[in-house]
Amino acid sequence: MSLWADKYRPKDLQKLDYHKEQAANLSKLTQEGDFPHLLFYGPCGSGKKTRMMCLLKEMYGPGVERLKVENMNFTTPSNKKLEVTTVSSSYHIEVNPSDVGIYDRVIIMNLIKNVAQTQQLDINGQRAFKVIVLTNVDELTKDAQHALRRTMEKYISTCRLLLCGTSISRIIPAIRSRCLCIRVAAPSIEQISTILQTICKKEGLTLPLELADRIAIKSNRNLRRALLMCEACKVESYPFTPDQEIEEPDWQIFIKHIANKAIKEQSISTLAEIRERFYELIIHGIPSDIIFKTLLKELLKISDPEIHPQIVESAAFYEHRLQTGSKDIFHLEAFMAKFMCIYSQFLGEFVDIC
Amino acid sequence: MQSFLKSGKLSNSSEKSDPSTSKVVKKNQTTPWVEKYRPKTVSEVVEQNEVVAVLQQCIDGADLPNLLFYGPPGTGKTSTILAAARQLFGDMYKDRILELNASDERGIQVIREKVRTFAQLTASHIRPDGKPCPPFKIVILDEADSMTNSAQASLRRTIEKNIKSTRFCLICNYVSRIIEPITSRCTKFQFKPIHENMIMKRLQFICKEEGVLCEEDVFNVVVSAVGGDMRRAITCLQSCSRLRGKNEQININDVYEVTGIVPEKWFNDYIEACKKEPKDVADMVDTILLEAYPASQFVEQFNDWLINQENISDKQKALIGNKLGVVSFHLQEGGSEFVQLLDLGCAVWKVLSKKEK
Amino acid sequence: MPEDDNNQLLKRHKADADFENSILINQILQMRQQAKEKLNPVPVHSARNIKSRVSFDENNISYRLPKYPFITLTRIDGEKVYVRCHSEEYEKEELKRIASQESHYRLLGDSSKELWKEANEIINKMVDNELNNGVPDVSEENNSSGFKISEENNNSQLWVDMYKPKSYFQLLSDESTNRSLLKWLKMWDKVVFNRNVIQKVKQNEMKMKSKFQKQDIEMKFDDLGRPERKVALLCGAPGLGKTTLAHIVARQAGYNVVEVNASDDRSTEAFKTILKNATQMRSFIDRENRPNCLIFDEIDGAPQSSIDYLVKFVTDSATTKSTKGTTKKRNVLKRPIICICNDVYVPALKPLRQIAFVVNFPQTSTSRLAERLCEIARHQGIKTDMGALLALGEKSNNDIRSCISILHFFKSLSKKISLSDVYKTNIGQKDMQKGLFAVWNDIFQIERNKQSAVYSSDCNARELHDSFSLKNRMKKILNDVSSFGDYERLAQGVFENFTNLTVKDSMLTQTCEALEWFSLFDKMKTRIRTLQDYSLMRYLPYAFVVWHFVFGSFARPKLSYPNADYEARVKLNKTLAIVREVLKQMQPSIRTYTHINPLILDILPLLVYIIVPLLRPVNLHLYTQKEKEDLERVVNTMIDYNLNYVQERHPDGNYSYELDPNINEVAYFSISKPSRTFSYSIKQLISQEIEVEKIRRLNLASKSGQNEHKENGGPKKTDAQNVPNHLQRLKPKLKSPKETIRKDFFGRVIKSPTTSNSESNKKQNDIWYHYKEGYSNAVRKSIKISTLK
């Protein structure tokens, strides 16, 4: 636990740095010794998981921090063996069903049944229910979500679900209406900046306000990334200078390069080169929707505003195709070609006017 | 996992030292209010006058046709049939109904097996306590529109064959997804969205019963947010009260939080950004998403909000509405929230900037 | 072409020198048999018949100088064979004898005389031939005679049946295959024929058999005299003549063939009855004078249970039917069983495969096939040439059946068959399919010449001239693509190849169009796959038309096989494996907060910067306080994220330390600027420190486990709050995962704490670490772990 992001993670609801009112509400929720199914949602690095663990600690005491990692095995009806990694304490079990792709339904059905059906006879020593934490619920297949919906009602007396996902747009309304949804907004720039400062103080370092702000902005309101960036900066050169270079994840720089390349020259050979780069991004495990989003942002940054609506429209079109298709490279390249086409036409008109 | 399953209890010694556990004294298993305040009789069902009238007649005659209820969620379809069953059979209604819904296995095989065995049990026409009751049972197929066509097809003969001993009640949201042969075998009833006043009354009643304190316009917000869905309204109210604790007032922000409603401020900001430059729209969209507002909700509310805007012409509204449809569809199929909202923004920008020219 | 045939035979005979003996005998036996069969459809054989047959061989042909008058024949391998010359009187006498012998159980005495006459005629003829040619050119003779008869008898018959091989020598299939099956079948003779042959003959037969056995020692028999493998399994592609071979060989070896094929009921019950009936000796031997040989055709389609039963029956039939009260011995399987299948690797066949004598059918050689076709053609009066027939054979993948069918078809056209006819013909639709590259070529290249019209057979003469028109181009592409079928691979090929072409499209509008279709194609494909909505399938080929119009040119495209997609997938899996490795052994308290995506997107790319602080490559002693802290931080971080440096040996003999798992591969891209890396010595240092730290943690954990047990989870919380920062880090170590498990156990099981206590005590007492400070061995001092920190 020596990374700042891990070391200074709040462990109690009272110690949370932002959304304090929400934390207080959560704390109230546990007072009765019972809570409904909860659904935490918010962007990456906004502290959903941290809040969840704090809530559990509030409920069960420090026992929830004694975690262990285990593998569980499931068998699908078609006799395919599945293995998922679970993190569990004596009070809760956490699993990411989307690890197994389209078989997530099996995991959900079996896991919940397993947990819910083993009820403790001695009720005095414990809560009447167990907690199952499901992460990345927005990546669940529709099938799995439907399975979840009935199970949530059926086993409400023996288990509670804590769901966690980045957006609830992809979660079916039936689940949403059965949970108490808790929105975890990303911390604001100022909040991040303050947190960075306090942590640096704890470490015995002085962080210039300016640099803190710059890191906060660059992290795109992602607290985890901000902390990592800050630590990377510290490793790079310690007495901080306000205009110090901030390390960015390489893949972002890489996408920037792609955007620049597309602006520079529009031809089939560039397209071929860019394809290689897309492949490289995919190979590095960067999810395609993130590639798309980042690329679009970069392109908008460096192209002229007149063609933005056109670009965005084609982006929306191909992004949707990407989600409904399976070969990501086709759609990425199609969008790229469309952009080049729009851009070169724009340049052509521009030349004509001149 | 094993230890999680087995040793989920705090060892006695550590429990004493554990402050949070000792706080808890009693365990009250709270039933959802939705269950608690379900109508008990058909006449209690609000709003659906036509259905209620017909069903009341049926109950008086102690008979029931095969039924097909359709309508948006939360309009009392399930409640109605359950209430009717209760009235018909009294206390033993639980033995007389078989409820199957989409989460259960509902392949053709299951339908055949379960329904057949259930239908084969003959129902006596006298209750245990000696009162007369109709000699049939009810099979409720909830969410029938999610059944496969072949399963539905296998059902139609089953319906006819067991007409003597069993009545079917199919419940669905979209009647168009039920195959013709089934609809023709059932009496169809449409359930309309419940009127806002009715929901309001009900909520106020529940608040009084449960001793929940509310700010004045909370009800208004809830009612407008749920769009005629009674269940959602009640769940929302319960969630708020849970979140707030026993003795505190529920305010509007709680409702916003719980329902995931996007406050109006954001629409104003959004449209302001759309008046400037596409780049500003991108920043705005980013901010909205970082605030974790769901895009689907945003689009839905934006639609309502847009229609009520005075300073945008009808033609512009139509153009934007066109785009809204596309964006909503893309989002439904899993499109990226950022890109789609940006697309919407750019469309708005285009429409608005044209006007200036 | 007798010349050819002779050569063929010569070759064959050379190879078969050892086997020749029995072949020769069989051949003669069979000739007679055949002749008989032709006249009397009802086969008549008896024990006596067999006896006479064998004794006839015995008395007429010999390797040694016989006592009777003989003609000497020299075989090609130099061995001499003596064939008896009978006097005319003997011949007559013999005939009379046989007639009298047979007439008492046969009504058709006269015809049997005639039969014998004819049989002898054939034999004589054959002998003449042998004399003339110096080689036993039986097959040629036999062929022609066989064909003649069949032609006379059945003009309306299908050729496939008409030209079915009637004897062993007519078989087209590979000789060694044929022989091995025959050999196997012959091994049954001992069990099958012994019983009903009188003593003397039996001896004779045994003699023959013993001779035969000498030739292949590897053939093993079980204790009942049966071959070790009781079932033969013939497998090979359709149309190679498996069934024919089985029938002929079985008949040749003197069996009555009982065939069960897919058209028969093959439920387990039916199977049982068939097996029982066919293999129980008693029931058949009296009715027909030949023993049964069971042939299960198309066994790969039989239900699993039937096959299981068969296997069981074959392996332990001795025990199953002892209930009847008869001796066990009588119910043992005593008849050969031949199974035939196309695909030997059908899962259901697995048990059978293990116990069976598997005969794999190789492809018939095209030249042999062509020869046969040529013969047939000549026989039927079709004008053709060898080249065309060779092509035909090749085209049909050496499927004899389909070749003969095609020939039959050509006959009805009654014109000369030329090479081009064969190529052009639409027969055998499966051959219309083109190769992958051919289809890609068609997409990228616009055909210039008019021959392209040939592909669409319904083109009429006028359309031939404008094959260049868009309509025809589209038609052609649609036709090609849909007949190929594997759209996904085709599309991938087009996608990966179009960038290498010289397409003039400066504004990229065309390319955009094409790529839009790629996108649409993928969407449809995905929909088809996920929803099984095959109604969309018919629209897929149109995408290829668009690509053809956009990318097609007159230049010859250089194509390569598309593998970028596959490679990308392989590499992606590698990346994910690295990330999973990191996740796998991460500290659970950190693991719970992260997942694959945040790890890839946020943590790893920045972690690679964080774990390389500025450290001087000097001795650990010389480090400043700050550097020591940095080092400690790096070590702890790396342990948290399950990283380490591992020594690797390069091909050039140098050693280096590499990150393991190598997250650099995940975090860095090809354009990245080279970031700071440690020198060899620092990596070594870190690696050592990590090991030490790991041991220290383990030690601490076991100690704290004891403490915790004693205190029983006392008020740790307050501790943590008061302790200064650098000690706070130790807290999670106290709660290392292993300990929590143990603790839970301690709570309930009384026995375990003592054992683990002693274990950990032992650890403390028995293990000493020699910690070498510095890099040279010159200065050495012993340090205990506890003194380290």
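Biologist: Happy to look at this with you! What percentage of the 354 residues in chain A do buried residues make up?

Modeller: Glad to help, and please keep in mind that this is a predicted model. Chain A comes to 14 helices and 7 strands. Among its contacts between residues at least 6 apart in sequence, 70% join residues at least 24 apart. Of the 354 residues in chain A, the buried share is 66%.

Biologist: And what percentage of the 789 residues in chain C is buried?

Modeller: Chain C has 37 helices and 10 strands. Residues 24 or more positions apart account for 72% of its contacts with a separation of 6 or more. For the 789 residues of chain C, the buried part is 48%.

Biologist: Thanks! Now to where those two chains meet: which helix of chain A gives the largest share of the side that touches chain C?

Modeller: The contact involves 80 residues from chain A and 76 residues from chain C. Together the two chains bury about 7,400 Å², with 60% of that on carbon and sulfur atoms. The rule also finds 20 residue pairs in polar contact across this interface. On the chain A side, the largest share, 11 residues, comes from helix 14 (residues 328-353).

Biologist: How many residues of that chain A side are charged?

Modeller: The residues on the side of chain A that touches chain C divide into three groups. The nonpolar group holds 33 and the polar group 19, while the charged group holds 28.

Biologist: Which residue of chain C meets the side chain of A:Glu203 in a salt bridge?

Modeller: Across the interface of chain A and chain C there are 6 salt bridges by the rule. A:Glu203 lies in helix 7 (residues 189-203) of chain A and its partner in helix 29 (residues 625-640) of chain C, so the pair joins two chains. Both residues are buried. The N to O distance is 3.3 Å, and the partner is C:Arg633.

Biologist: What about chain B: which residue there meets A:Arg183 in a salt bridge?

Modeller: A:Arg183 sits in strand 7 (residues 180-183) of chain A, and its partner is in the loop between helix 16 (278-290) and helix 17 (295-307) of chain B, so this pair also joins two chains. A:Arg183 counts as buried at 12% relative accessibility, and the partner is buried too, at 17%. With 3.7 Å from N to O, the partner is B:Glu291.

Biologist: Back inside chain A, is A:Lys256 buried or partly exposed?

Modeller: A:Lys256 forms a salt bridge with A:Glu248, the closest N and O atoms being 3.6 Å apart. A:Glu248 is buried, with a relative accessible area of 12%. A:Lys256 has 28% relative accessibility, and buried means under 20%, so A:Lys256 counts as partly exposed.

Biologist: I often think about cysteines at the bench. Why is B:Cys240 too far from B:Cys236 for a bond?

Modeller: A disulfide needs its two sulfur atoms within 2.5 Å. B:Cys240 is buried, with a relative accessible area of 1%. The closest cysteine sulfur to that of B:Cys240 is in B:Cys236, and it is too far for a bond because the distance is 4.3 Å.

Biologist: Then how many disulfides does a search of the whole structure find?

Modeller: B:Cys274 is another cysteine in no disulfide, since the nearest cysteine sulfur, that of B:Cys346, is 8.0 Å away and the cut-off is 2.5 Å. B:Cys274 counts as buried, at 0% relative accessibility. Over all chains, the number of disulfides found is 0.

Methods: Residues numbered from 1 in each chain as written. Chains lettered and ligands numbered in written order. Heavy atoms only, no water. Buried < 20%, exposed > 50% of the residue type's maximum accessible area, 1.4 Å probe, protein only. Contact = heavy atoms within 4.5 Å. Buried area = accessible area lost by both parts, 1.4 Å probe. Salt bridge = Lys/Arg side-chain N within 4 Å of Asp/Glu carboxyl O. Polar contact = N/O pair within 3.5 Å; in protein donor to acceptor, adjacent residues only side chain to side chain. Helix = DSSP H or I, 4+ residues; strand = E, 2+ residues; numbered from the N terminus. Nonpolar A, V, L, I, M, F, W, Y, C, P; charged D, E, K, R; others polar.
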